[in-house]
Amino acid sequence: MKQGRRAVVTAGTGGIGLETAAGLAAAGYAVTVVGRSAERGARAVERIDSAAAGARARFIAADLASLDAVRALAALLAEEGPLDVLVNNVGAMFADRQRTVDGIEATFAVNHLSPYLLTELMLPSLRAGRPSRIVNVTSGAVRVAKRAFDAVEPPGGYYGFHWYGRAKLANLAYTLDLAERLHDTGIAVFAADPGGAATGMTDGTMRSPKIVSPALRLVWPLVRRTFERATSGPAATAARSSITAATDAALHGRTGLVIGPRTRPVPPYPPSRDPRIVRNVLELSRRLAPLTPASRAGEPLGA
C-alpha cells in the first residue's frame with residue numbers, strides 16, 4: 001500500500017458522491033471532495049472525517065458546469081503532486097433545456113464534458129501516482145439515449161431523461177476508449193454503475209413526465225413508480241460500485257470494465273463500443289472542451 005494516497009471525488013458533498021468519499025477515506029485515502037456549496041462541503045468533510053483512517057478530508061468549491069472552473073480545479077489539484085484515484089461522480093438531470101456559461105447545453109456539459117476535461121487535465125498527476133485509477137460514474141439511462149453525436153444537441157425536442165442518458169453514453173464511450181488508450185500505462189480506467197439510489201436528482205426531476213419523450217410519457221407514471229421502488233435503497237449501497245472500482249485489489253492489472261451495482265464486472269452497453277459513436281464523441285469533446293480555454297468563450301456552441 002502506498003503512503004499518502006490521494007483521491008478526488010467530484011460532486012462529493014452529498015448522495016452517492018459523499019458515500020464514495022467516505023468509503024475512500026475509510027480505506028486510507030486523503031480525500032478531496034469537490035462541490036458548489038461551502039456549507040454542504042463543510043458538512044461533508046465532517047462526515048468523511050468520521051470514517052477516515054488517515055489524513056483529514058478537505059473541500060474545494062467549483063462549479064463544474066463551467067469549463068474554466070474545471071481547468072482551474074485541475075491546475076490546483078495538479079500543484080499538489082501525484083494523484084492515486086479520480087472519481088468523476090458529477091451528474092445532473094434538468095427538466096428544461098439549459099445552457100452553461102460557456103453556451104453549451106447543460107446536460108451534456110455537466111455529465112460528459114466536465115469529467116472528460118478534468119480527466120484529461122489530470123492525466124499527468126495520475127501518471128505520477130501510478131498505479132492509479134480513474135472511475136467514471138455511469139447510468140442505466142444510457143439505454144434510452146439517442147446515439148447521434150455529430151452535434152452536442154440531438155435533433156428533436158428536449159427530454160431531460162433521454163438527454164441525460166445520451167450524455168452518460170458519451171461518457172461511457174469515452175471511458176472505455178480511454179482505458180484502451182492508457183492500457184499498460186499503470187492507470188486503470190473503470191465505469192461504475194450505481195444502479196438505483198434515492199437522491200436529490202431522482203426525488204426531484206424524475207417526478208416530471210415531461211422529461212421523457214411522448215412515446216414514453218403515457219406509461220411514465222408506472223415506469224417512475226417502478227424506478228422509485230428500485231431506488232429506495234440508501235446512497236451508501238449505490239456507492240459500492242464506485243468504491244470497489246477505486247479500491248478493490250482484485251481489479252489490479254485490469255482496466256476497461258464496467259463495475260455493476262453488485263460490485264462485479266458487467267457487460268458494457270454495446271453502443272458504447274461502436275467505433276462511429278466513439279469517434280464522434282471524441283471529436284465533439286475535443287472541440288467543445290479544449291484543454292486550454294477556447295477563444296470563443298461565451299459564444300453558444302450548440303451547433
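In the predicted model, strand E5 (132–137), strand E6 and helix H10 (240–247) each contribute at least two residues to the lining of the second largest pocket. The space enclosed by this pocket amounts to about 490 Å³, and of the 24 residues that line the second largest pocket, Pro131, Ser132, Arg133, His252 and Gly253 are the closest to its centre. By residue class, the lining of the second largest pocket divides into nine nonpolar, eight polar and seven charged residues. Pro131, one of the residues closest to the pocket centre, is placed in the loop between H4 and E5, and the peptide bond that joins Arg130 to Pro131 is cis, with omega at about 0 degrees. Most peptide bonds are trans.

The chain as a whole contains eleven helices and eight strands. Of its 303 residues, 54% count as buried, while the accessible surface of the chain comes to about 13,000 Å², with 54% of that surface belonging to carbon and sulfur atoms. Among contacts in the chain with a separation of 6 or more, 74% are accounted for by residues 24 or more positions apart.

The largest nonpolar core comprises 56 residues, among which Phe108, Met122, Leu126 and Ile134 touch the most other members. At least two residues of this core are supplied by each of helix H3 (67–78), helix H4 (106–128), helix H5 (160–181), strand E6 (187–192) and helix H11 (275–288), and H4 gives the most, with eleven residues. A second, separate core holds 25 residues, including Ala7, Leu24, Ala57 and Val85. Strand E6 thus appears in two settings, as a supplier of residues to the largest nonpolar core and as a supplier of residues to the lining of the second largest pocket.

The surroundings of individual residues in H4 were examined next. When neighbours within four places in sequence are left aside, Leu126 is in contact with Leu83, Asp84, Leu86, Ser132, Arg133, Ile134 and Ile187. Two of these partners, Ser132 and Arg133, are also among the residues closest to the centre of the second largest pocket, and another partner, Ile134, is, like Leu126, one of the core residues that touch the most other members. Ser125 also belongs to helix H4; because its relative accessible area is 7%, under the 20% limit, Ser125 is classed as buried. With residues up to four places away in sequence not counted, Ser125 touches Ala78, Gly81, Pro82 and Leu83, so that Leu83 is a contact of both Ser125 and Leu126.

Val70 lies in helix H3 and, at 1% relative accessibility, counts as buried. Leaving aside neighbours within four places in sequence, the contacts of Val70 are Leu64, Ser114, Leu117 and Leu118. The C-alpha atoms of Val70 and Tyr116 are separated by 9.9 Å, although the two residues are 46 residues apart along the chain. Val266, by comparison, is placed in strand E8 (residues 265–266) and is partly exposed, with a relative accessible area of 33%. Val266 touches Val258 and Gly260 when residues up to four places away in sequence are not counted, and the C-alpha to C-alpha separation of Val266 and Ala192 is 9.8 Å for a pair 74 residues apart in sequence.

Backbone geometry was also considered for two loop residues. Most residues other than glycine have a negative phi. Ala11, in contrast, has a positive phi, near 50 degrees, and is placed in the loop between strand E1 (6–10) and helix H1 (15–26). The relative accessibility of Ala11 is 28%, a value that counts as partly exposed. A positive phi, near 65 degrees, is likewise found at Asp184, also a residue other than glycine. Asp184 occupies the loop between H5 and E6, and because its relative accessible area is 73%, above the limit of 50%, Asp184 is classed as exposed.

Note on methods:
Residues numbered from 1 in each chain as written. Predicted model: local features only at pLDDT ≥ 70, side-chain atom pairs only at ≥ 80, totals over all residues. Heavy atoms only, no water. Core = buried A, V, L, I, M, F, W, Y, C linked by side-chain atoms within 4.5 Å. Buried < 20%, exposed > 50% of the residue type's maximum accessible area, 1.4 Å probe, protein only. Helix = DSSP H or I, 4+ residues; strand = E, 2+ residues; numbered from the N terminus. Contact = heavy atoms within 4.5 Å. 1 Å grid on protein atoms, 1.4 Å probe; cavity = no way out; pocket = protein on both sides within 12 Å on 5 of 7 lines; lining within 4 Å. Points joined across faces, edges and corners; volume = space filled by probe spheres on them. Nonpolar A, V, L, I, M, F, W, Y, C, P; charged D, E, K, R; others polar. Areas by Shrake-Rupley, 256 points an atom, 1.4 Å probe, with all protein chains shown as cover.
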